[in-house]
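Subject: Structure for your review

Dear colleague,

Please find below the structure that I am handing over to you. I should be grateful if you would read the notes that follow it alongside the coordinates.

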Amino acid sequence: MQTHFSLAQLADPQMASSEQVLRSCVHCGFCTATCPTYVLLGDELDSPRGRIYLIKEMLENDRPATTEVVKHVDRCLSCLSCMTTCPSGVHYMHLVDHARDHIEKTYDRPLVDKLTRWMLAQILPHRGRFRLAVYGAKLARPFAGLFKSVPSLAPIAAMLNLAPTHVTPRSKTENERRFTAVGPRRARVALLDGCAQPVLRPEIDEAAIRLMTRMGVEVVRPKGGGCCGSLTHHMGKEEPALANARANVDAWMREIEGEGLDAIIVTTSGCGTTIKDYGHMLRTDPAYAERAARVSALAKDVSEFLVERNLPVPVIAAGTRVAYHAACSLQHGQKVKTAPKALLAMVGFQVLEPAEGHLCCGSAGTYNILQPEIAGRLRERKVGNIERTNPEIVATGNIGCMTQIGGGTAIPVLHTVELLDWATGGPKPAMLDKVAVAA
Ligand code: SF4
Ligand code: SF4
């Protein structure tokens, strides 16, 4: 695609990076067929190619974002399905991240939208605040219908409906920083502390730690780490996102330069995609560029790390039917496609692959709160495809997908690592009490 940026514009590294992305697009339109919003809405401006044109016009002409641009960029899930499909290697993620940052800086959102985004940014990345909010949402849930009846308050209704009906007690190991390997130490890894996942499903990291330590891996959770920054990053709020990224880089670098790390393990694939991009996000910060790139190079989804090692011997009977839902952040963002399925099959599960596996479930960070109508349609479609495989369990690698899909089906939805831990000697997940599996 031809571009017409001035030299002065290209002196800005972010603009120069976006110009390269724009030039690589040959507007062939292959990406439209696999874009969930184009599939649902059928509007070219809700396709990757359409958004690329809108973003080009806005950036090239140095214009503030218009209501039209904001509408179509806000509808983008950042699912990155378009990046998997694109034959020209267009890095849409970096382009849309830049567009969101530009929107945040130049567009005056309607008051309720602004307040909702501010509230999400103030609550979600902070574990303590989020835990309080989950309790509050449980109490306010009966009023979700009232909020839903006022269109501008639909995000509040969506938030209340997504909140868990049962609040999981705080993990007993939440404040533990080091978990010793069982037997001889074969590797040493850091585990992302995170924000929302340890509140919603502390069982996930508990299972990951149990499984890895049984495999001879020492696990540490260095002090000073926390939210990866992806939730605010995807809302275009760059400063808090970069502050989170820097805090994690500092925490992990202390370990890398101390006792050393073989990997940085992430059990939430949405966070993994962002951490693997820290090198790009902090590339213009002289104090962090090199260290962030080192951190990104060490980051691994838990399934990537496990598939390279010998799992403990399975102890449950084979054959339980597990539908694997590929989270977009894992399959499109990180290109981790086969490891989770291979691991589940290795321990004896019958792995089922639902149709339209490339399409997003509608979770996408805060998308299911900010765009509840489209997110709801995507969930319905996803759950239908999953249920048609007639599974006993659904497995996936991202807490957002677990919450989104779990809200639309009675089939238990678990993290892949919970199933791997259980199958190799860990406790049976409480959610599976009603699933009969021979031991
Ligand atoms: S598939 Fe790639 S090159 Fe073709 S229009 Fe989409 S982004 Fe551009
Ligand atoms: S990231 Fe997903 S929703 Fe956004 S343009 Fe690409 S395919 Fe469409």
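The notes below cover the chain as a whole, the surroundings of the two ligands, and three individual residues.

Please bear in mind that this is a predicted model.

Overall fold

The chain contains 25 helices and nine strands. Its radius of gyration is 21 Å, close to the 22 Å that the globule rule gives for 439 residues, so the chain is as compact as a globular protein of that length. Along the principal axes, the C-alpha atoms occupy a box of roughly 65 × 50 × 40 Å. Of the 439 residues, 57% are buried. Among contacts with a separation of 6 or more, 74% join residues that are 24 or more positions apart.

Ligand surroundings

Ligand 1 occupies the space of the largest cavity. There are 13 residues around this ligand, of which Cys25, Cys28, Gly29, Cys31 and Cys86 come nearest. By class, the shell of ligand 1 comprises nine nonpolar, three polar and one charged residues.

Ligand 2 is surrounded by Cys35, Pro36, Pro48, Arg51, Cys76, Leu77, Ser78, Cys79, Leu80, Ser81, Cys82 and Tyr92. Helix H4 (48-60) and helix H6 (81-85) each contribute at least two residues to that shell. Its composition is nine nonpolar, two polar and one charged residues.

Individual residues

Leucine 80, one of the residues around ligand 2, is located in the loop between helix H5 (67-74) and H6. Its relative accessibility is 5%, under the 20% cut-off, and leucine 80 therefore counts as buried. Most residues other than glycine have a negative phi. In leucine 80, however, phi is positive, near 70°.

Lysine 335 also has a positive phi, near 60°. This lysine belongs to the loop between helix H20 (328-333) and helix H21 (339-346). With a relative accessible area of 44%, lysine 335 is partly exposed.

Cysteine 228 sits in the loop between strand S3 (217-220) and helix H14 (230-233). Because its relative accessibility is 2%, cysteine 228 counts as buried. Leaving aside residues up to four places away in sequence, cysteine 228 touches Ala241, Asn244, Ala245, Asn248, Cys271, Thr274, Ile275 and Tyr278. The C-alpha atoms of cysteine 228 and valine 249 are 9.8 Å apart, while the two residues are separated by 21 residues along the chain.

Yours sincerely

Conventions
Residues numbered from 1 in each chain as written. Chains lettered and ligands numbered in written order. Predicted model: local features only at pLDDT ≥ 70, side-chain atom pairs only at ≥ 80, totals over all residues. Heavy atoms only, no water. Near = heavy atom within 4 Å. Helix = DSSP H or I, 4+ residues; strand = E, 2+ residues; numbered from the N terminus. Nonpolar A, V, L, I, M, F, W, Y, C, P; charged D, E, K, R; others polar. 1 Å grid on protein atoms, 1.4 Å probe; cavity = no way out; pocket = protein on both sides within 12 Å on 5 of 7 lines; lining within 4 Å. Sits in = over half its atoms within 2 Å of the grid points. Rg over C-alpha atoms; globule rule 2.2 N^0.38 Å. Buried < 20%, exposed > 50% of the residue type's maximum accessible area, 1.4 Å probe, protein only. Contact = heavy atoms within 4.5 Å.
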